[in-house]
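Please look over the sequence and the model below before reading on. The explanation then goes through the structure step by step.

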Amino acid sequence: MIKGHCLCQGIQYEYHGEINEVAICHCYQCKQAQGTPFVTNAPVSTTAFQIVQGQALLKSYFASPNKRRVFCSQCGSTLFSQRMDHPETIRLRLGTITEGHIPAPQYQIYCDSRSAWFVLDEQTPCYPANKP
């Protein structure tokens, strides 16, 4: 089982499954939303994901019409994003995980937008936009 929470611990979650896919995203929206040169996330099933505390603290922001970014209204921690045309999946922000196994990233996306001053493992596949 995977467990995690936001910075203030007001929102806590559990994922009753394994993380099998890890991506590094360099798109401008992820960088701006996180305040970092990239974000590391994993697609997980909404049927196995559960907010166990702090449901009322969840807020959503639509930076683009089809994708919501979900965060804590109290501390601002981004927890996941979700495309509205794929409601069965969320992209969990791995920096919020406090318990459970996280595999190494398998690929990077939106590499055309990556920050030139930050170098990642060059052996990890890097796609210019989204993974085909």
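What follows treats a sheet and then a pocket.

The model is a predicted one, and a convenient place to begin is an open sheet of 4 strands, whose order is 5-2-1-10 and whose pairing is antiparallel. Strand 5 (49–53) and strand 10 (97–99) stand at the edges of this sheet, and each has a single partner strand, so one side of each is left without a neighbour in the sheet. From one strand to the next, the twist averages 30°.

Within the sheet, strand 1 (residues 2–5) and strand 2 (residues 12–15) run antiparallel and are joined by 4 bridges. In this pairing I2 stands opposite Y15, a residue of strand 2. Strands of a sheet pair through backbone hydrogen bonds, and the arrangement may be parallel or antiparallel.

The second part of the picture is empty space. Rolling a probe the size of a water molecule over the atoms shows where such space is left. The largest pocket holds about 490 Å³ of space, and 23 residues line it, of which K67, R83, R91, I109 and N130 are the closest to its centre. Two or more lining residues come from each of helix 1 (28–34), strand 7 (67–72), strand 8 (78–83), strand 9 (89–93) and strand 11 (107–109). Strand 9 gives the most to this lining, with 4 residues.

What is the chemical make-up of the lining of the largest pocket, in nonpolar, polar and charged residues? The lining divides into 7 nonpolar, 8 polar and 8 charged residues.

Technical notes
Residues are numbered from 1 along each chain as its sequence is written. This is a predicted model: local features need pLDDT of at least 70, side-chain atom pairs count only at pLDDT 80 or more; totals for chains, interfaces and linings use all residues. Side-chain values use heavy atoms; hydrogens and water are left out. On a 1 Å grid over the protein atoms alone, a cavity is a set of points where a 1.4 Å probe fits but cannot get out, and a pocket is an open set with protein on both sides within 12 Å along at least five of seven lines; lining residues have an atom within 4 Å of a point. Grid points are joined across faces, edges and corners, and a volume is the space filled by probe spheres set on the points. Ala, Val, Leu, Ile, Met, Phe, Trp, Tyr, Cys and Pro count as nonpolar, Asp, Glu, Lys and Arg as charged, and the others, Gly among them, as polar. Two strands pair if DSSP finds at least two bridges between them. Axes are lines fitted to C-alpha atoms, for helices over the stretch in contact, and angles run from 0 to 180 degrees between N-to-C directions.
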